[in-house]
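Let us take a walk through this chain together, from its overall build down to a few residues that deserve a closer look. Keep the viewer open as you read.

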Amino acid sequence: QLQLVESGGGLVQPGGSLRLSCAASGDILGDYVIGWFRQAPGKEREGLSCINTRALMTNYADSVKGRFTISRDNAKNTVYLQMNSLKPEDTGIYYCAAGLRSCATRSFGSWGQGTQVTVSS
């Protein structure tokens, strides 16, 4: 069974950068589409980005487009989220999730435990 573990979160000043990692075990990550999500305090979970199995297609929410970049290294069983020009409103718990269907279906069956990102001066 696929298990996901996020890492790379932390405290960063506005305008700074972080790179989150989503490491997989128990199955071949390359068989899954991967999405990144964020849950800010008091808000619903928000889908940020998704990448298909061969990294030929990615998509982004308007709130992060141009600032965040999703990528994957299937040989390392890891997906990344590079976050630049961070804003205080990017604060939240970041989750990765895996699905066997396309990103468009928004169907994800496996979730990580999340990593906290705090953007503050």
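What follows goes from the whole chain to its largest pocket, and then to single residues.

## The chain as a whole

Please keep in mind that this is a predicted model. The secondary structure comes to eleven strands and zero helices, so the pattern along the sequence reads β-β-β-β-β-β-β-β-β-β-β. With a radius of gyration of 13 Å, close to the 14 Å that the globule rule gives for 121 residues, the chain is as compact as a globular protein of that length. Along the principal axes, the C-alpha atoms fill a box of roughly 40 × 25 × 25 Å.

How much of the chain is buried? Of its 121 residues, 45% count as such. Contacts reach across the sequence too: among those between residues at least 6 apart, 56% join residues at least 24 apart.

## The largest pocket

Rolling a probe the size of a water molecule over the atoms shows where empty space is left. In this model, the largest pocket holds about 260 Å³ of space. It is lined by 13 residues, and those closest to its centre are G47, C50, N59, C103 and R106.

Which strand gives the most to this lining? That is β5, with four residues. Strands β4 (33-39), β5 and β6 (58-60) each supply at least two residues. By type, the lining divides into eight nonpolar residues, four polar ones and one charged.

## Two buried residues, S49 and F108

S49 lies in strand β5, which spans residues 46-51. Its relative accessible area is 5%, so S49 is buried. The side chain of S49 reaches the backbone oxygen of N59 at 2.8 Å, and N59 is also one of the residues closest to the centre of the largest pocket. Not counting residues up to four places away in sequence, S49 touches I34, G35, W36, N59, Y60, I70 and L81.

F108 sits in the loop between β9 (92-99) and β10 (110-111). Is this loop residue buried or exposed? F108 counts as buried because its relative accessibility is 15%, and the cut-off for buried is under 20%. Leaving aside neighbours within four places in sequence, F108 is in contact with V33, I34, G35, F37, C50, A97, A98 and G99. One of these partners, V33, is 75 residues away from F108 in sequence, yet their C-alpha atoms are 8.4 Å apart in space.

## R38 and its polar contacts

R38 belongs to strand β4. Although arginine carries a charged side chain by the grouping used here, R38 counts as buried at 5% relative accessibility. What do the side chains of D90 and Y94 do here? A polar contact of 2.9 Å joins the side chains of R38 and D90, and another of 2.9 Å joins those of R38 and Y94.

R38 also has a link to V64, a residue in the loop between β6 and β7. Not counting residues up to four places away in sequence, V64 touches R38 and L48. With a relative accessible area of 0%, V64 is buried. The C-alpha atoms of V64 and S85, which are 21 residues apart along the chain, are separated by 9.6 Å.

## Two loop residues with positive phi

Most residues other than glycine have a negative phi, and most peptide bonds are trans. Against that background, two residues of this chain invite a look at the backbone. N77 has a positive phi of about 55° although it is not a glycine, and S85 has one of about 50°, again without being a glycine. N77 is found in the loop between β7 (68-73) and β8 (78-83), while S85 is found in the loop between β8 and β9. How exposed is each? N77 counts as buried at 17% relative accessibility, whereas S85 is partly exposed at 41%.

## Accessibility side by side

The table gathers the relative accessibility of the residues met above.

| Residue | Relative accessibility and class |
|---|---|
| S49 | 5%, buried |
| F108 | 15%, buried |
| R38 | 5%, buried |
| V64 | 0%, buried |
| N77 | 17%, buried |
| S85 | 41%, partly exposed |

Terms used:
Residues are numbered from 1 along each chain as its sequence is written. This is a predicted model: local features need pLDDT of at least 70, side-chain atom pairs count only at pLDDT 80 or more; totals for chains, interfaces and linings use all residues. Side-chain values use heavy atoms; hydrogens and water are left out. Buried means under 20% relative accessible area, exposed over 50%, partly exposed in between (1.4 Å probe, protein chains only). A polar contact is a pair of N or O atoms within 3.5 Å; within protein, one must be able to donate a hydrogen and the other to accept it, and residues adjacent in sequence count only if both atoms are side-chain atoms. Contact means heavy atoms within 4.5 Å. On a 1 Å grid over the protein atoms alone, a cavity is a set of points where a 1.4 Å probe fits but cannot get out, and a pocket is an open set with protein on both sides within 12 Å along at least five of seven lines; lining residues have an atom within 4 Å of a point. Grid points are joined across faces, edges and corners, and a volume is the space filled by probe spheres set on the points. The radius of gyration is taken over C-alpha atoms; the globule rule is 2.2 Å times the number of residues to the power 0.38.
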